[in-house]
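Trainee: Could you take me through one part of this model slowly, strand by strand? I would like to learn how to look at it closely.

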Amino acid sequence: KRRKLNNGCRMVDMLVADVDEFVRVQFGTDYKRVGGSDVERLYHCPNPDHPDRNKSCSVNIEKCVYNCHGCDYKGSFYQLAKKVGWENPHLLITNNGNSAIVQNGSLSPKPKKIKKPLKTFTRQELADLQKENVSRLKNNMKQYWDGYLWDDDLIDLLDIGVCRKGIWTFAHHNRDGDIIAIRDHKGRIIGDGTAKWYAQHLIYDYDYDNDWILSEGEKDFITSFSRNGQVITGTCGAKSIPKNRDGNYDFSPFKYFTFNANGYVAYDNDDSGKKYGLIIGTEILKEYRSHNIFQIQWGDDCADKFDITDAYDEDASKGIKYMEAVMNAKKIKLPPFKLNSFDILRGSDADTRPIKQSIQIVDKLLVKDKMSVFGGTAGCNKSMLSMQVGMAIANDEDYVLDFKINVKGLKVLYVDTECGIDEMNRRYNLLKKNFPNWHGSDRFIMISRKVKIISDVLDDVEDMIRMEQPDIVYYDCLYNMSNGKNIAKNHNLSPITDRITDQKMEYGITPILIAHATKGNHEQGLTMDRIAGGSHLQNWAEHIVLLTRTNVENMRMLRIDKSRSVGFPTCYYGMEWDGDKFFMKNIGVIDNYREWLISEQKKLMWSEYLNNIPTDTFNTKDWLNEVEIMGGKKLRTAMGYLSEMVRCGVVTTPHQGAGVYTKNMSVIANDNDGE
C-alpha cells in the first residue's frame, strides 16, 4: 500500500512538474493570477504568438488549455506541445478535460462546483448602488473625469460612476430612464446582463436627418456624445448585437434615420473591431436597405485597439485621427442578392448601368425584344400582312408598307396553326414574287401544324427555336394555341403568354402573337379592347398593332394602339390589298376613319331617313319624328344614329349642342366614288 501510494504521488508530482515547465517555457513568467484554487490555477499572460504589453492570453493550468482574447490563438497544451516538438507531449493530456487532484494516492476528477444562484436586484437597489459610485466620481473629478474633457452633465444624465477599486461603472437604462443594470468597465454586470443599446432614454430622441455613429463601448459613447455626436453603442462588446424577445436583432434605434443621414461604424482599430463592425453594419443595411452606412478606416499610424476616445485624448479639440478615419470611410454594400423570378435594379446601380435603347426593327410596327400583338378582324388578311413583313425583314428590304426596316440580317420563324403546309407554301411563293431580288429563303422558316389537336404546340415551337435560333417569331394565332379553352378567361390565357415570355427571355427572340378581334362593334374603330383575349392580353403586350376590313372591298386600315418603349402615332393608315399580286401596300393616312367602317346597309338606312326630311337643315325634333315616330325606332336608337352621323361627317352641326344639323351625305358619296 505504501509503495502504491508513493507511486501515485510521484505521478501527480510528474504531471504538475511537466505542466509548470511547459507553461514557463511557452508562456513565460510575466503573468497575473486571476482566479482558481491551489490546484486550479488561472493566469493572464502575454500572447507569445503576437507579443504585446497586454496580458491577453488566458492559461488554465488545471485543464491544460489556453485562449487569447485578441485573436484565434487557442487550444490544448497537448496540441501546442505537438506543434512545437515538446518531449513527451502525452504527459500534458488531462483526464478527459477534467481537473486532476490526488485522492487516496491516485488521480481522480475534481468534483464539479455547484453554482450559486445569482442575486437579483430591484431597480431601486440598482439606483442606490450606482448613487454611491456617482458620488465617488464627483468627489474625485480631477482624478477620473477632467482629463477626458467630457460634458459634466453626463454624470447625472447617464449615472456614470467609479467603484471603490477605481473602475468605471456605467449604468444601463431602459427607455423610461430607469437603471436596469450596472456594468464595470470591461467587467462584471449586475442586473439585466443581456446585450442592449446603451442610453436608451437618450438615443431615441436623435435628429433622424443628421449623421449617426455606431461606437464600441460606453467610453466612446460618452466621448462622442460630449461632442454633440448622435452616437449609439451596445453594452456587451463588439461581438454582441442586441436582440428582441423574439430572438431577432433589435435595430430599432436605426429605423427612422433618413436617406440624408449617413451612418458610420466606428469600432476599435483591431481585428475584432474591423470584423464585427462590418458584420453589424451589414446586418443593419439588410434591415434598412435605403440607409447609407460606412465603416471608418483607421490610419496606419493608429495603434492597435485605438478608438474614438484615444483620438480625442491625443487631440482634445479635434480628434484628428478619428476625423481622418471618418473621411476615409468605406461604404458598406450588401452582397449581390438574387431572386428567382426578378432582376433587381437599385437607383444607385441604374446611375452607372449602360442604357439599353429601344430598337425599332420596323419603324412603328415592330420593336426588338418586346412582346407584340398583331390583332385584326376576320378576313382582313392579317396573316398575309404578317408574312409580308416577316419576309421583307428576312430579305433585308429597306422598307415594308412604307415603314423603314432598321435592322438587317435577322432570321424569322413563322408558326402557322390555321392554314396547313400546302397553303403556307402557296402564300410564300405568291408573296415572294413581289420582291424583285429575293434572297431571304434561308432566313424565313415556316412550321405548320399537322392536326387540329395541338396540345403540345409551344413545346414544338421551343424545339424549333432552339434548333433554328431565329430573331423574330410569329405565333399565328392565339386562338388555336388555347387548345379549345376560352381565352377570354385570364386563367386560360396566362399559361400561353407566360410560356411565350419564357421563350423570349431564354432565347432572346422578339415574339409577335397574332390574335382575332371580337365580332361586332365594328364602328368602334381600331382599339385594343376589341382583341379577343381579355384584359390580361392587353396588359401583357408591350406593342400592339391592329388591322381591320372596311366597307370598300380592297381597303384595309392599320393602326398602332400601344407601345411601352417607343413613341407612336395614333392615326389610321390606309392599306390596299391587291388580290392578284397577293400583296399589301400603304396608300396614306386616313382623315375620317369612321366613314370607312360604316356598313353599306346602315349608310342606305341613314340616307333614306335623311331623304324623307325635305329641307337640307333640320333639328333634333325633325329627326326624331322621322326615325322614332314614323320609323318605329326607340328614342335611344334614333339619338345614337344621329350621333354616329355627326362623327362620320354625314351631317354637320354649325353650333354644337344647339340641336340644328345640315345634311352632308353627298360629300362621302363622292369620296367613295373617287376611291
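Mentor: Happy to! Let's begin where strand E8, residues 160–162, runs antiparallel to strand E9, with three bridges joining the two. Keep in mind as we go that this is a predicted model. To find one of the contacts between these strands, look for Ile160, which stands opposite Phe170 in E9. Now follow the chain from E8 into E9: the two strands make a hairpin, and five residues lie between them. In that turn, pick out Gly166, whose phi is positive, at about 80°.

Next, turn to the other partner of E9. Strand E10, residues 179–184, pairs with E9 over five bridges, and this pairing is antiparallel as well. Here you can use Thr169 as your marker, since its bridge partner in E10 is Asp184. E9 and E10 also form a hairpin with five residues between the strands, and there Gly177 has a positive phi near 90°.

With both neighbours in place, which way do the side chains of E9 point? Trp168, Phe170 and His172 point one way, while Thr169, Ala171 and His173 point the other way. So Phe170, which you met opposite Ile160, and Thr169, which you met as the partner of Asp184, point in opposite ways from E9.

Are the residues of E9 buried or exposed? Buried here means under 20% relative accessible area. Six of the six residues of E9, which spans 168–173, are buried, so the strand is largely enclosed by the rest of the structure. That holds for the residues pointing either way, from Trp168 to His173.

It helps to set E9 beside another strand that is mostly covered. In strand E14, residues 262–266, four of the five residues are buried. The pairing of E14 is parallel on both sides: strand E12, residues 212–215, joins it over four bridges, and strand E15, residues 292–295, also pairs with it over four bridges. You can locate the two pairings by finding Ile213 opposite Tyr264, and Gly263 opposite Ile293. From E14, the chain crosses through helix H8, residues 271–287, to reach E15, and this β-α-β crossover is right-handed.

To finish, here is a spot on the surface. Ile344 sits in the loop between strand E16 and helix H11, and with 35% relative accessibility it counts as partly exposed. Together with Phe337, Leu339 and Phe342, Ile344 forms a nonpolar surface patch with about 400 Å² of accessible area in total.

Conventions. Residues are numbered from 1 along each chain as its sequence is written. This is a predicted model: local features need pLDDT of at least 70, side-chain atom pairs count only at pLDDT 80 or more; totals for chains, interfaces and linings use all residues. Side-chain values use heavy atoms; hydrogens and water are left out. Buried means under 20% relative accessible area, exposed over 50%, partly exposed in between (1.4 Å probe, protein chains only). Two strands pair if DSSP finds at least two bridges between them. Patches are made of residues with over 30% relative accessible area and no salt bridge: like charges are joined within 9 Å, nonpolar side chains (Val, Leu, Ile, Met, Phe, Trp, Tyr) within 5 Å. Accessible areas come from the Shrake-Rupley method with a 1.4 Å probe; for residues, only the protein chains shown count as cover. A salt bridge is a side-chain nitrogen of Lys or Arg within 4 Å of a carboxyl oxygen of Asp or Glu. A crossover is right-handed if, with the strands pointing away from the viewer, the path from the first strand over the helix to the second runs clockwise.
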